[in-house]
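Welcome to this guided tour. Open your viewer, get ready to select a few residues, and follow along stop by stop.

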Amino acid sequence: MRKIYPDAAAALDGLLFDGMHICAGGFGLCGIPERLIDAIRDAGTRDLTIASNNAGIDGEGLGKLLRTKQVKKMISSYVGENKEFERQFLAEELEVEFCPQGTLAERCRAGGAGIPGFYTKTGVGTVVAEGKEHKEFDGETYILERGIFADLCIVKGWKADKAGNLVFRKTARNFNQPMATAGKVCVAEVEEIVEVGALDPDCIHLPGIYVKRLIDGSPYDKKIEFETTRERESA
């Protein structure tokens with residue numbers, strides 16, 4: 001089965017359609033599938049529902065799709081440093097479903113495991129619980145959260161072999177791994193593709209069976225979400 005494609009546009013060919021649901025990996029600007037995001041922007045696909053921890057920052061990451069008004073709904077844990085995300089939300093131009101970080105990760109993991117829903121104490125007594133089923137277990141109240149299963153998952157890995165086995169680097173593993181399983185098709189971009197057998201099997205975070213299409217997106221420039229500096233102290 002052919003998995004390696006020459007670029008992001010080729011890897012997404014035939015997969016995009018208006019109104020689709022996408023799971024996008026990454027945390028802030030760490031581990032985001034930036035080549036695939038650019039390809040979705042260039043394709044002009046609209047009315048997207050995107051599940052992602054956040055929407056990057058203005059002009060970077062998913063912020064690019066917000067700027068072009070291609071996103072109808074975000075399922076996220078916070079607005080973060082993205083002013084356009086905030087503006088569209090307050091202006092009621094964008095539907096936002098806020099979801100606690102751990103709950104969002106578990107909703108994706110559950111969707112990928114074929115679990116339609118689960119109960120959690122997180123959010124009980126807050127606006128997160130409004131409209132959701134409540135149930136008592138051992139004298140404690142829990143709310144029902146639905147699993148997430150998308151039309152397409154886009155993720156960013158550190159290394160992959162030609163069979164699609166992926167290794168994520170540090171923080172990038174937080175959301176990329178569960179989201180990669182939570183959709184009909186997973187497309188991954190990585191910094192390096194190696195031969196089958198070059199990766200230690202014990203270090204593989206995502207088996208290649210989940211990855212249907214793969215690109216080498218290198219080289220990448222490390223982007224900083226929020227930079228704080230100070231003047232150098234004199235000796």
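Start with the charges: colour the side chains by sign, and you will find 31 positive and 37 negative ones in the protein chain. The centres of these two sets lie 3 Å apart. Keep in mind as you look around that this is a predicted model.

**Stop 1: the whole chain**

Zoom out and show the chain as a cartoon. You can trace six helices and eleven strands. The C-alpha atoms fill a box of roughly 55 × 50 × 45 Å along the principal axes. How does the radius of gyration fit a compact globule? For 235 residues, such a globule would have a value near 18 Å, and the protein chain has 18 Å, so the two agree.

Now switch on the surface. Its accessible area comes to about 12,100 Å², and carbon and sulfur atoms hold 48% of that. Beneath it, buried residues make up 47% of the 235 residues. Of the contacts with a separation of 6 or more, 72% join residues 24 or more positions apart in the chain.

**Stop 2: helix α6**

Select residues 173-180, which form helix α6. Which of its residues are buried? They are Phe175, Asn176, Pro178, Met179 and Ala180. To see what covers these buried residues, add some of the neighbouring elements: among them are the strands β1 (21-24), β2 (48-51), β8 (150-161) and β10 (183-194), along with helix α5 (101-112).

**Stop 3: His21 in strand β1**

Next, pick His21, which lies in strand β1. Is His21 buried or exposed? Its relative accessible area is 18%, and buried means under 20%, so His21 counts as buried. Leaving aside residues up to four places away in sequence, His21 touches Thr49, Ala51 and Ile75, and also Ile148, Phe149, Ala150, Asp151 and Leu152.

**Stop 4: aromatic rings**

Finally, show the aromatic side chains. The count of aromatic pairs comes to four. Select Phe89 and Phe98: their ring centres are 5.5 Å apart and their planes stand at 90°, so this pair is edge-to-face. Phe89 has 31% relative accessibility and therefore counts as partly exposed. Phe98, at 34%, also counts as partly exposed.

For your last selection, take Tyr119, Phe137 and Tyr142, which together form one aromatic cluster.

Conventions. Residues are numbered from 1 along each chain as its sequence is written. This is a predicted model: local features need pLDDT of at least 70, side-chain atom pairs count only at pLDDT 80 or more; totals for chains, interfaces and linings use all residues. Side-chain values use heavy atoms; hydrogens and water are left out. Helices (H or I, at least four residues) and strands (E, at least two) are DSSP runs, numbered from the N terminus. The radius of gyration is taken over C-alpha atoms; the globule rule is 2.2 Å times the number of residues to the power 0.38. Buried means under 20% relative accessible area, exposed over 50%, partly exposed in between (1.4 Å probe, protein chains only). Contact means heavy atoms within 4.5 Å. Accessible areas come from the Shrake-Rupley method with a 1.4 Å probe; for residues, only the protein chains shown count as cover. Lys and Arg count as positive and Asp and Glu as negative; His and the chain ends are not counted. The place of a charge is taken as NZ of Lys, CZ of Arg, CG of Asp or CD of Glu. Rings of Phe, Tyr and Trp (its six-membered ring) pair if their centres lie within 6.5 Å; planes under 30 degrees apart count as stacked, over 60 as edge-to-face and the rest as tilted.
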